[in-house]
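Student: I have a structure on screen and want the reasoning behind its labels. Can we go through them?

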Amino acid sequence: MKRIFTILCILMSLAQVYGQPSGVKNASKSVFTLTTFKADGSILSSSHGVFLDNNGTAMSDWSSFEGASTAVVVDASGKRMEVESIIGASEIYDVVKFRVKGKTTGINISTTAEAVGAPIYLVGYGLKKAEIKESKLTKVEHFMEKYAYYIFAMDIPENTLSCAVVNANGQLLGILQSSKYSTDLHSTSANYVADMQSEGLTGSDPTFRRTSIPIAIPDDKEQAVLALMLASQSRDSLRYAKTIDLFIEKYPEQTEGYSTRAQTESNRNDFDAASRDMETAIKKASAKDDAHFAYARLIYQKEVYKPDVAYPNWSIDKALEEVRLASSINPLPIYRHLEAQILYTKKEYQQAHDIFVDLTKSSIRNPELFYEAAQCKTMMEAPVEERLALIDSAINLFSKPYTAEAAPYFIARAGLLEMKGEYRKAVADYNQYDTLMAGRLGVDFYYQREQCEVKARQFQQAIDDIDRATRMAPREPLFWAEKGSLLLRVNKKEEALAAAEQCVALDPEYSEGYLVKGLALIQLGKKKDGLAAFEKAKQLGSDQADALIAKYK
């Protein structure tokens with residue numbers, strides 16, 4: 001009996017020295033190495049991680065991904081897999097959830113937090129045999145009310161950061177992390193990482209802008225489309241291209257992926273590739289009308305903005321054909337709107353006008369439709385009153401107080417009112433436009449308004465605007481000549497002469513400056529000098545010089 005007891009004691013001692021629970025050993029099958037690479041292909045970082053399921057979902061440290069262009073993992077069997085996308089990350093806790101291409105061996109995650117003093121195991125990575133180290137939890141904190149933050153001490157083997165930390169059952173608690181502020185080791189709950197989900201706005205998080213690895217496409221279709229749209233705003237073209245590919249792979253029946261990629265191809269004049277993508281969209285998309293519409297819009301944009309770049313397979317007629325196919329499948333107002341825009345480009349103004357007007361009675365009634373109809377009237381040289389009526393209708397769709405969205409319609413109406421001779425009304429619209437644009441206007445606007453203010457005999461406002469123009473463009477002789485001429489009209493002779501002198505100094509070959517100078521000198525009683533200025537203007541080709549010389553000689 002004594003001998004049996006002795007043997008049991010020896011076996012228990014050996015188990016404590018050499019053995020670990022079987023679940024802990026099995027956990028080693030889920031650990032992998034992670035290598036991230038820079039854009040030039042050089043290694044950025046080497047780390048570890050652990051698979052969370054059998055479908056390629058994994059977790060590791062976020063810091064390894066910062067600045068990364070690509071990444072790969074090698075699992076416990078030596079299988080190499082590319083990192084496909086990032087699902088979520090936390091810079092604060094330095095953890096990331098991502099997806100690799102391929103089947104994986106996932107680990108079970110502990111659903112309950114371990115207590116202080118509980119045994120924990122670090123499972124190192126090894127192709128033949130994983131090294132396993134045991135310790136005990138010294139402290140357990142909690143964050144966000146439901147997640148654990150484990151703290152412990154351990155003599156860790158070299159190169160084991162981000163390896164799995166498990167409990168006695170081999171269930172994952174988190175990954176090994178070192179503290180920046182103490183000698184303690186810690187592990188953020190794997191449940192926190194497992195709960196991370198990619199959403200439409202995930203890509204707008206500044207954290208993810210520090211890597212070229214794309215964000216995973218959300219499972220919700222609307223969120224996925226939002227994510228695709230946000231990705232287009234990224235300056236990282238590589239990441240954007242990867243995001244589009246992921247979207248197409250996940251939603252092959254959706255037009256958005258193909259049309260987005262086709263747009264990028266068209267932007268770089270690869271129209272063959274763009275055409276192939278749109279033909280694929282028409283073939284695979286569940287909504288055929290949407291695909292035809294997207295194709296029509298792509299061709300239309302190319303024909304409008306890149307008419308000089310030849311591509312025989314596309315034409316404005318091809319765009320019209322595609323949009324009419326879309327309407328034949330599903331007669332949506334937005335399709336007819338594009339049809340009208342295409343007809344306008346084809347100079348078929350009456351047909352385009354009729355569609356624009358008809359659409360003002362549809363569900364997409366908006367100010368732009370009235371404006372576009374007015375543009376058709378302009379091209380058909382219709383009376384100003386007809387055009388004004390359409391712009392009035394556009395403005396009437398806005399409610400007070402007006403916002404910047406209404407600004408284009410006020411500037412359009414100002415021009416028409418000025419053309420009609422209603423100068424004071426035109427100035428009022430120019431003023432409204434200036435207010436709505438909050439001063440974010442170029443010098444041409446102030447010169448344009450000054451011209452109208454002169455016609456309205458609002459001279460002080462005109463002087464203020466031409467002063468602003470000369471401040472904004474002090475080396476433009478036209479503005480100085482206009483300023484001098486205007487100052488003469490209000491009998492400010494000395495200031496007018498100064499403006500004319502500035503004009504002549506800026507451009508000695510500009511005849512208008514000498515005309516204004518001559519008039520200012522004559523009004524100041526310096527007839528001889530004034531006539532000399534007219535003669536100079538005549539030498540420079542002025543058509544008005546002879547009449548002025550005859551008048552004042």
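Student: How do you know that the length of helix α20 agrees with its 13 residues?
Tutor: This is a predicted model, so the check is on computed coordinates. Helix α20 covers residues 511-523. At 1.5 Å a residue it should span 18 Å, because the expected span counts one less than the number of residues. Its end C-alpha atoms lie 19 Å apart, which agrees.

Student: What makes α20 mostly covered?
Tutor: Buried means under 20% relative accessible area. In α20, 10 of the 13 residues are buried. Among them are Tyr514, Leu515, Val516 and Ile522. Lys517 is buried too.

Student: Which helices do those buried residues pack against?
Tutor: They pack against α18 (477-489), α19 (493-506), α21 (527-539) and α22 (545-552). After α20 comes Gly525, with a positive phi near 85 degrees.

Student: Why are β11 and β12 called edge strands?
Tutor: The open sheet has 7 strands, in the order β11-β10-β7-β8-β9-β13-β12. β11 (172-175) and β12 (177-178) each pair on one side only, so they are the edge strands.

Student: How do you know that β10 and β11 pair?
Tutor: Pairing needs at least two bridges. β10 (residues 164-166) and β11 have 3, in the antiparallel sense. Val166 stands opposite Leu172 in β11.

Student: Which helix gives the most to the largest nonpolar core?
Tutor: That core has 73 residues, and Leu338 is one of those touching the most other members. Helix α8 (residues 288-305) gives the most, with 8 residues. Apart from this core lies another, of 39 residues, including Leu52 and Leu172.

Technical notes: Residues numbered from 1 in each chain as written. Predicted model: local features only at pLDDT ≥ 70, side-chain atom pairs only at ≥ 80, totals over all residues. Heavy atoms only, no water. Helix = DSSP H or I, 4+ residues; strand = E, 2+ residues; numbered from the N terminus. Buried < 20%, exposed > 50% of the residue type's maximum accessible area, 1.4 Å probe, protein only. Contact = heavy atoms within 4.5 Å. Core = buried A, V, L, I, M, F, W, Y, C linked by side-chain atoms within 4.5 Å.
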